Amino acid sequence: MPLDKVTQVAQTKPWHGDIPVYGQYTFGIAGERFFRDIKDKGRIMGAKCAACNLVYVPPRIYCERCFGELAKWLEIPNRGVVHTFTVAHADLDGNRLKEPVVVALVKFDGVYGGLVHRLGEVEPDKVAIGMAVEMMLKPKAERTGSILDINYFRPIQA
Ligand SMILES: [Zn+2]
């Protein structure tokens, strides 16, 4: 975010390329409500920009395209698709896991962004991009108001 007002367009420099971090940011105000909805109501909420017709998940308070405030929240279906995934065989300290863990970016129909989470009830070699998955919540009594209130996403049985 520029701190100084740009007075001469010629002074600006374009910044090409992608930011290699996906969906990593401080949850802040929008995040608190997002997690409260998962914990108390078992639902995923998105924030909609009416001007851009974009729905953000996780929700944020400003639209990153038009910088408009995102005041309208709406419930997102608890079903999505595997956009990309990876199979982890070691934990963050490099220790080998007993069972490999599948971590996927789950995207939702009509939604910008998505959620990075574990997949469950599926063998790693059966996971595929485009696979339809559904959210599996922890029992309400075990939820703490974090992303881990979602236990995992599992393939939708045909
Ligand atoms: Zn917008």
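**Notes on a mostly-strand chain with one helix**

1. Let's start with the overall feel. Of the 158 residues in this chain, 23% count as buried. Keep in mind as you look around that this is a predicted model. Half the story is about distant partners: among contacts with a separation of 6 or more, 50% are between residues 24 or more positions apart.

2. Now the parts list. The chain has 1 helix and 9 strands. If you walk along the sequence, you meet them in the pattern α-β-β-β-β-β-β-β-β-β, so try tracing that path on screen with the helix as your starting point.

3. Which strands make up the open sheet, and in what order? There are 4 of them, arranged β3-β1-β2-β6, and the pairing is mixed. The edges are held by β3 (72–76) and β6 (112–113); each has a single partner strand, so one side of each has no neighbour in the sheet. As background, strands of a sheet pair through backbone hydrogen bonds, either parallel or antiparallel.

4. Zoom in on one pair in that sheet. Strand β2 (residues 54–57) runs parallel to β6, and 2 bridges link them. Look for valine 57 here: its bridge partner in β6 is glycine 113.

5. Valine 57 deserves a longer look. Together with Phe153, Val57 has the most contacts inside the largest nonpolar core, a group of 27 residues. The elements that each give at least two residues to this core are α1 (28–41), β1 (44–49), β2, β5 (96–107), β7 (115–119), β8 (132–137) and β9 (150–155). Which residues does valine 57 touch, once neighbours within four places in sequence are set aside? They are Ile44, Gly46, Ile76, Phe108, Val111, Gly113, Gly114 and Leu115.

6. Right after that comes an oddity. The peptide bond joining valine 57 and proline 58 is cis, with omega about -5 degrees. Proline 58 itself sits in the loop between β2 and β3. For context, most peptide bonds are trans, and most residues other than glycine have a negative phi.

7. On to the antiparallel pairs. Strand β4 (residues 79–90) and β5 run antiparallel and are joined by 8 bridges; one match to find is phenylalanine 85 with its bridge partner alanine 104 in β5. These two strands form a hairpin with 5 residues between them, where glycine 94 takes a positive phi near 90 degrees.

8. β5 also has a second antiparallel link to check, since β5 and β7 pair over 5 bridges. Within that pair, leucine 105 stands opposite valine 116 in β7. While you have a strand in view, remember that in a regular strand the side chains alternate between the two faces of the sheet.

9. Two residues other than glycine are worth checking for their backbone angles. Asparagine 53, in the loop between β1 and β2, has a positive phi of about 55 degrees. Is asparagine 53 buried or exposed? It counts as exposed, because only 9 C-beta neighbours fall inside 10 Å, and the cut-off for exposed is 12 or fewer.

10. The other is phenylalanine 67, with a positive phi near 65 degrees, placed in the loop between β2 and β3. Phenylalanine 67 is exposed too, since it has 10 other C-beta atoms within 10 Å. Its C-alpha atom lies 9.4 Å from that of cysteine 49, although the two are 18 residues apart along the chain.

Note on methods
Residues numbered from 1 in each chain as written. Predicted model: local features only at pLDDT ≥ 70, side-chain atom pairs only at ≥ 80, totals over all residues. Buried ≥ 20, exposed ≤ 12 C-beta atoms within 10 Å, placed from the backbone. Contact = placed C-beta atoms within 7 Å. Core = buried A, V, L, I, M, F, W, Y, C linked by C-beta atoms within 7 Å.
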